[in-house]
Amino acid sequence: MEAADARGSQLIVYPQHAVTAYTCGDLFLQTSLQQAAEEALVEITGASLGLNLVAVVGVPLVVEGKLYNCAAVVSGGEILGIVPKTHLPNYGEFYEKRWFTPAPEETILISLADLEYEIPFGTDLLFRCSQMPSFVLGVEICEDLWAALPPSTFHALAGATIVVNASASDEVVGKLQYRRELVGGQSARMLCGYVYATSGSGESSTDCTFSGANMIAEDGSILAEARPFGDGFCSAEIDVERLIAERIKNTTFEPLPGAEDDYMDIYFDLDVVENDLRREFSPTPFIPADQTQRAERCELILNIQSSGLAKRMEHTHSKAAVIGISGGLDSCLAMLVAVHTMKKLGRPASDVYAITMPCFGTSKRTRSNAQILCEELGVTFCEINIKDTVLQHFKDIDQDPKNLDVTFENAQARVRTLVLMDKANQLSGLVVGTGDLSELALGWATYNGDHMSMYGVNAGVPKTLVRHIVRYEADRAAADGQQKLADCLLDILDTPVSPELLPTKESGEIAQETESIIGPYEIHDFYLYYVLRFGFSPKKIFKIARKALGDKYTDEVLLYWLRNFYRRFFAQQFKRSCLPDGPKVGSVTLSPRADWRMPSDAVNAVWMAEVEELEKEWKK
């Protein structure tokens with residue numbers, strides 16, 4: 001406990017019968033062992049005084065003439081409560097009913113040794129941190145988790161955000177993985193943190209061995225686990241605010257009726273300390289770190305996108321999928337999706353009509369890549385130069401072509417959309433939208449320009465993930481011997497992201513680079529994930545961003561784009577409120593008909609005030 005306190009841990013869990021060992025057998029019935037166990041618990045409790053933590057200790061205790069398998073919750077020099085085991089295994093290698101009595105139905109108050117206070121004894125106990133209301137602790141013991149209806153189910157529904165399990169699970173072939181799935185699955189169902197501590201070194205090996213394969217889970221993910229037959233130690237940070245956010249969103253996670261009457265709330269005190277985060281956070285939360293999982297996700301998303309488009313084309317009897325192809329990332333992915341769609345429909349790739357519409361900002365590189373991509377994919381390709389149309393439009397609205405303002409840019413985007421819509425009418429086709437989730441979040445689209453389509457296949461895919469899907473397709477093309485296609489896709493990946501609405505440089509290169517204007521998509525996608533997925537505050541997101549992205553970006557840069565994100569996200573909702581249909585591909589989406597409903601005139605004052613406070617703190 002002292003070592004845990006020194007490293008900043010505030011919850012520590014020990015195995016079942018940690019005080020005596022689990023494998024005492026009939027020695028549990030010896031008065032000497034029972035008394036020594038009680039005295040040891042009192043000694044451990046005294047040692048907790050002055051430590052900034054709560055400990056859960058497995059111990060056998062005699063209560064009102066019966067022996068119980070218990071977990072004592074200890075903090076600040078006091079026993080806060082004692083939870084007896086509900087489900088006693090009496091099969092295989094387990095004979096607990098020989099010694100122990102199942103937990104009583106009602107909570108009672110008991111006395112131990114020479115302690116001058118009464119201690120709650122029962123299963124319906126919740127331990128609440130006074131200084132951190134989101135930290136609510138529930139306790140179960142070993143077999144309780146394996147039962148058809150674990151006590152932790154009721155604990156969580158009554159408000160427990162962290163459930164601990166004092167266990168003694170022996171090791172046999174196949175059990176480790178099953179136990180891992182059990183712990184992870186329970187934490188997912190109950191939207192809770194789950195801390196599992198099982199016996200290890202020191203247990204008798206008479207008939208069984210114990211590995212100390214402890215683990216910590218959160219909402220279905222294993223955060224940390226001890227190596228089997230190692231020292232049994234593992235630690236992690238559990239984000240209780242994240243769990244609360246998940247429960248608030250999940251309307252089927254309903255509070256247990258009458259829990260306020262059935263459960264006893266026991267409060268304890270902890271000093272809440274702002275420690276540096278030990279937990280690791282992916283700088284790219286939309287993208288799995290594991291290469292195999294990443295490939296599986298890319299394939300799944302392509303299938304989601306193409307299945308959605310296939311259904312829409314069948315329903316509308318569309319004879320063609322019409323796409324504006326620019327030689328950039330988003331239109332490239334939309335093109336790949338359209339080709340996959342035609343395969344699903346048993347139609348030729350030539351039913352995809354790709355139209356490139358060069359104007360003032362089109363570079364030779366993107367124009368060339370657009371044509372190569374179309375030729376290699378076997379789609380129908382044509383060029384419609386819109387420069388004269390745009391210039392005529394400038395005359396019509398009295399716009400000086402030398403004035404490179406927002407009208408100069410947006411007029412081109414709207415003419416492109418006009419061309420696509422009318423060509424789709426000619427072809428009895430459907431305009432496939434190319435804009436991605438990141439652009440929608442930041443409003444980086446021309447209203448009624450590239451903002452509009454007849455089906456937006458990329459609407460649920462963030463920019464960082466678009467890159468990986470295109471790379472996945474490049475790798476597949478190379479493996480299939482389509483090296484020219486693979487090279488083209490890789491060059492598109494290397495091309496700076498740009499709407500190409502401003503004139504090119506004298507060298508013919510792109511003059512307008514999106515990320516230099518609105519910020520790195522890597523940062524914005526990180527913010528987007530935590531803002532939408534969990535509803536975290538700017539302060540918390542900034543802290544996590546420093547941990548995940550601090551090696552690459554300074555605090556000043558992260559704060560600058562955090563302010564920019566909130567400013568643009570609120571200001572641009574009006575574009576998202578009238579989006580075309582498009583398939584949801586992940587847990588974060590901005591469809592006004594699905595996961596995200598927000599007034600177009602919502603005020604960002606609360607969030608911006610918090611950002612300003614962060615900026616003031618940083619300047620200090």
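**View 1. The start and end of helix α12 in the predicted model.** At the start of α12, the backbone nitrogen of Thr 407 has a side-chain oxygen of Asp 405 within 3.2 Å. The helix takes in residues 406-426, 21 residues in all. From its first C-alpha to its last it reaches 30 Å, close to the 30 Å expected at 1.5 Å a residue. After α12 comes Ser 428, and the phi of Ser 428 is positive, near 55 degrees.

**View 2. Strand β8 and its cover.** Six of the six residues of β8 are buried, and the strand is mostly covered. Val 136, Gly 138 and Glu 140 point one way from β8. Leu 137, Val 139 and Ile 141 point the other way, and the residues of both sets are buried.

**View 3. The strands paired with β8.** β7 and β8 run antiparallel and are joined by two bridges. Arg 128 has Val 136 in β8 as its bridge partner. The connection from β7 to β8 is a hairpin through six residues. With strand β9 (residues 162-167), β8 runs parallel, and five bridges join these two strands. The bridge partner of Ile 141 in β9 is Ala 166.

**View 4. Ser 134 in the loop between β7 and β8.** The loop that holds Ser 134 lies between β7 (125-129) and β8 (136-141). Ser 134 counts as buried because its relative accessibility is 14%, under the 20% limit. Apart from neighbours within four places in sequence, Ser 134 is in contact with Thr 161, Val 240, Glu 241 and Ile 244.

**View 5. Lys 540 in helix α18.** Helix α18 spans residues 538-549 and includes Lys 540. With a relative accessibility of 17%, Lys 540 counts as buried. The side chains of Lys 540 and Asp 239 are joined by a polar contact of 2.4 Å. When residues up to four places away in sequence are not counted, Lys 540 touches Asp 239, Glu 241 and Arg 242. Glu 241 is also among the contacts of Ser 134.

**View 6. Pro 283 in the loop between β13 and α8.** Pro 283 sits in the loop that lies between β13 (264-268) and α8 (291-316). Its relative accessible area is 31%, so Pro 283 is partly exposed. Leaving aside neighbours within four places in sequence, Pro 283 is in contact with Glu 522, Phe 526, Ala 548 and Leu 549. Pro 283 is 110 residues from His 393 in sequence, and their C-alpha atoms are 44 Å apart in space.

**View 7. Leu 562 and the largest nonpolar core.** In soluble globular proteins, nonpolar side chains tend to be buried together. The largest nonpolar core here has 89 residues. The members that touch the most others are Met 335, Leu 373, Val 379, Tyr 527, Tyr 530, Leu 562 and Tyr 566. Leu 562 touches Tyr 527, Pro 538, Ile 541, Phe 542, Val 611 and Leu 614, with residues up to four places away in sequence not counted. A second core, separate from this one, has 30 residues, including Leu 125, Ala 166, Val 195 and Leu 270. One of these, Ala 166, is the β9 bridge partner of Ile 141.

Notes. Residues are numbered from 1 along each chain as its sequence is written. This is a predicted model: local features need pLDDT of at least 70, side-chain atom pairs count only at pLDDT 80 or more; totals for chains, interfaces and linings use all residues. Side-chain values use heavy atoms; hydrogens and water are left out. A nonpolar core is a set of buried Ala, Val, Leu, Ile, Met, Phe, Trp, Tyr and Cys residues joined through side-chain atoms within 4.5 Å. Buried means under 20% relative accessible area, exposed over 50%, partly exposed in between (1.4 Å probe, protein chains only). Contact means heavy atoms within 4.5 Å. Helices (H or I, at least four residues) and strands (E, at least two) are DSSP runs, numbered from the N terminus. A polar contact is a pair of N or O atoms within 3.5 Å; within protein, one must be able to donate a hydrogen and the other to accept it, and residues adjacent in sequence count only if both atoms are side-chain atoms. The expected span of a helix is 1.5 Å times one less than its number of residues. Two strands pair if DSSP finds at least two bridges between them.
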